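This report describes a protein chain together with the ligand placed in it. The text moves from the interior of the chain to the ligand and then to some local details of the backbone.

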Amino acid sequence: MTSGALPGSGPAGTPDAEDRIEHASRDEIEALQLDRLRGTLNHAYTRVPHYRSVFDAAGVHPSMVRELADLARIPFTSKEDLRSNYPFGMLAVPRREVVRLHASSGTSGRPTVVGYNRADISNWSAVMARSLRAGGVRPGHTVHIACAYGLFTGGLGAHYGAEQLGCTVVPASGGMTERQVQLIEDFRPDAVVVTPSYLLVLADAMKARGTDPAASSLRYGLLGAEPWTESMRTEIESTFGMDATDLYGLSEVMGPGVACECVEAKDGLVLWEDHFLPEIVDPVDGTPLPDGQFGELVLTTLTRQAMPVVRYRTRDLTRLLPGTSRSMRRIEKIAGRSDDMITVRGVNTFPSQFEEQILRVRGLAPHYQCEVNRTDRLDEVVLRVEAVDGAAGAGEPAGELRRRVKESIGISVEVEILPPGSLGRSSGKAARVVDRRPAVAASGGASALVAGRPTAER
Ligand code: DLL
């Protein structure tokens with residue numbers, strides 16, 4: 001493993017200023033990455049039988065990686081690899097050194113388990129603190145964390161970062177919406193970490209009590225764990241009178257804090273490249289793509305000790321962009337997961353593209369769901385959207401939305417406008433796609449839909 005020295009990473013206890021590495025030169029960042037990458041590959045190869053056998057089978061060895069581009073020779077790691085090594089097969093340290101376990105919800109098959117040693121928790125807290133600071137949060141602020149605590153990484157990940165930054169943390173967790181609203185009213189937090197869809201639920205609950213969300217104390221929202229659009233940002237910022245920034249992460253690689261938007265730029269998420277090495281690959285054949293091209297994000301951890309992850313196929317679709325407010329590269333807002341892609345009559349599309357259009361139509365609320373059916377081998381989409389003021393039926397807004405979707409995405413959809421509150425609410429990630437196509441159901445998931453890059457590149 002790498003020396004454990006983290007040059008440029010802010011030491012715990014001095015969180016007020018940005019870490020020096022956030023503004024280091026590209027040469028400096030890449031030299032650090034190469035050093036850490038080689039350490040990670042050696043660590044994985046020598047300590048994890050899975051990596052040794054996969055590398056050996058591919059005829060590669062960590063010593064072959066002499067520059068960053070050589071990483072392309074190393075095999076990918078998939079969610080299936082983590083599942084088949086359930087529960088502890090991917091650990092690279094003795095189990096007694098693991099101080100924390102998280103796991104993804106195993107809706108289909110075994111869950112994926114991730115382990116952290118003390119150094120991992122410390123690094124995670126540091127990048128999460130960095131993310132909160134980038135999003136506008138400062139030491140002394142009160143941070144309301146409405147992400148679930150538990151096996152999901154959202155609650156505890158954000159919690160440790162906020163504590164490290166020097167904030168007062170309100171560990172509200174997800175759910176019990178009425179109580180959350182009361183806590184926000186009473187404790188007057190400056191910031192909230194939450195999924196964008198649950199923040200809308202909180203807004204509705206405030207309005208139902210006769211409180212204007214814009215009158216709440218919340219001034220910064222770090223929102224993530226699910227895709228959301230620029231239109232949703234506008235909606236949330238105007239509803240709450242807050243700055244809303246995008247927070248990205250995934251449990252397999254660490255949890256929240258892999259990348260985060262800077263409040264001053266809001267132009268894509270800075271990927272904390274001193275801890276994670278990003279690549280973009282073709283989602284179908286895995287070929288590395290140059291920066292700027294749209295494809296699947298692949299991540300290699302650079303400092304994880306208990307469970308290093310090499311070339312993890314995230315299934316998240318985005319592109320890599322050059323740095324702006326920080327020298328590290330950015331990722332564009334995640335368009336969606338390749339598993340959530342809907343291919344309608346040859347056009348690949350994502351729920352987020354519908355969201356963008358829904359929020360442009362007057363009278364429609366940001367609560368929606370897309371149902372995909374297949375009749376006579378043709379995919380059909382029913383877009384169910386709640387009305388703002390209870391004006392149900394397929395009136396004017398339905399026609400306008402249909403037209404907008406046709407013009408911007410190029411597909412015909414059926415639109416149903418529902419009364420407010422008709423669609424289920426989640427206290428975590430919203431389920432935007434209901435896929436009723438027989439082939440998808442039979443293959444056990446939407447992965448059968450991974451059919452290439454979205455037709456409408458955005
Ligand atoms: O969702 C970690 C997290 C918690 C991130 C809180 C941000 C805030 P998982 O449950 O493992 O971890 O889910 C990871 O969620 O691969 C993406 O598909 C999606 N996702 C996470 N953040 C974003 C985001 C947490 N900002 C999966 N935009 C990832 C779009 C996101 N999708």
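How many residues does the largest nonpolar core have, and which of them have the most contacts inside it? In this predicted model, the largest nonpolar core has 71 residues, and those with the most contacts inside it are V193, Y248, L299 and I331. Helix α4, which spans residues 118–134, gives the most to this core, with seven residues. Around V193, leaving out residues up to four places away in sequence, the residues touched include L132, V143, I145, A158, L222 and L247.

**The chain as a whole**

The protein chain has eleven helices and 22 strands. Of its 458 residues, 56% count as buried, and its accessible surface comes to about 17,900 Å², of which 50% belongs to carbon and sulfur atoms. When contacts between residues at least 6 apart in sequence are considered, 66% of them join residues that are at least 24 apart.

**The ligand and its surroundings**

There are 18 residues around the ligand, and D246, L247, S251, D316 and K429 come nearest. L247 is thus one of the nearest residues to the ligand and is also touched by V193, a residue named above for its contacts inside the largest nonpolar core. Three side chains place a polar atom at the following distances from an oxygen atom of the ligand.

| Residue | Distance from a ligand oxygen atom to a polar (N or O) side-chain atom |
|---|---|
| D316 | 2.6 Å |
| S251 | 2.8 Å |
| R337 | 3.1 Å |

Taken alone, the ligand exposes 610 Å², and the protein buries 92% of that area. The elements that give two or more residues to the shell around the ligand are α5 (153–165) and β7 (243–250), and β7 gives the most, with five residues. By class, this shell has eight nonpolar, five polar and five charged residues.

**Backbone details in the loops**

Most residues other than glycine have a negative phi, and most peptide bonds are trans. Against that background, a cis peptide bond joins Y86 and P87, with omega at about -5°; P87 lies in the loop between α3 (79–84) and β1 (100–103). S173, which is not a glycine, has a positive phi near 65°, and this residue lies in the loop between β4 (168–170) and α6 (177–187). Is S173 buried or exposed? S173 counts as buried, because its relative accessibility is 18% and the cut-off for a buried residue is under 20%. K266, likewise not a glycine, has a positive phi of about 45°, and K266 is found in the loop between β8 (255–261) and β9 (269–271).

**A buried loop residue**

Where is V65 found? V65 belongs to the loop between α2 (49–58) and α3, and V65 is buried, with a relative accessible area of 1%. Leaving aside neighbours within four places in sequence, V65 is in contact with L37, R38, L41, D70 and I74. V65 and L34 are 31 residues apart in sequence, and their C-alpha atoms are 8.7 Å apart in space.

Terms used: Residues are numbered from 1 along each chain as its sequence is written. This is a predicted model: local features need pLDDT of at least 70, side-chain atom pairs count only at pLDDT 80 or more; totals for chains, interfaces and linings use all residues. Side-chain values use heavy atoms; hydrogens and water are left out. A residue is near a molecule or strand if one of its heavy atoms lies within 4 Å of it. A polar contact is a pair of N or O atoms within 3.5 Å; within protein, one must be able to donate a hydrogen and the other to accept it, and residues adjacent in sequence count only if both atoms are side-chain atoms. Accessible areas come from the Shrake-Rupley method with a 1.4 Å probe; for residues, only the protein chains shown count as cover. Helices (H or I, at least four residues) and strands (E, at least two) are DSSP runs, numbered from the N terminus. Ala, Val, Leu, Ile, Met, Phe, Trp, Tyr, Cys and Pro count as nonpolar, Asp, Glu, Lys and Arg as charged, and the others, Gly among them, as polar. A nonpolar core is a set of buried Ala, Val, Leu, Ile, Met, Phe, Trp, Tyr and Cys residues joined through side-chain atoms within 4.5 Å. Buried means under 20% relative accessible area, exposed over 50%, partly exposed in between (1.4 Å probe, protein chains only). Contact means heavy atoms within 4.5 Å.
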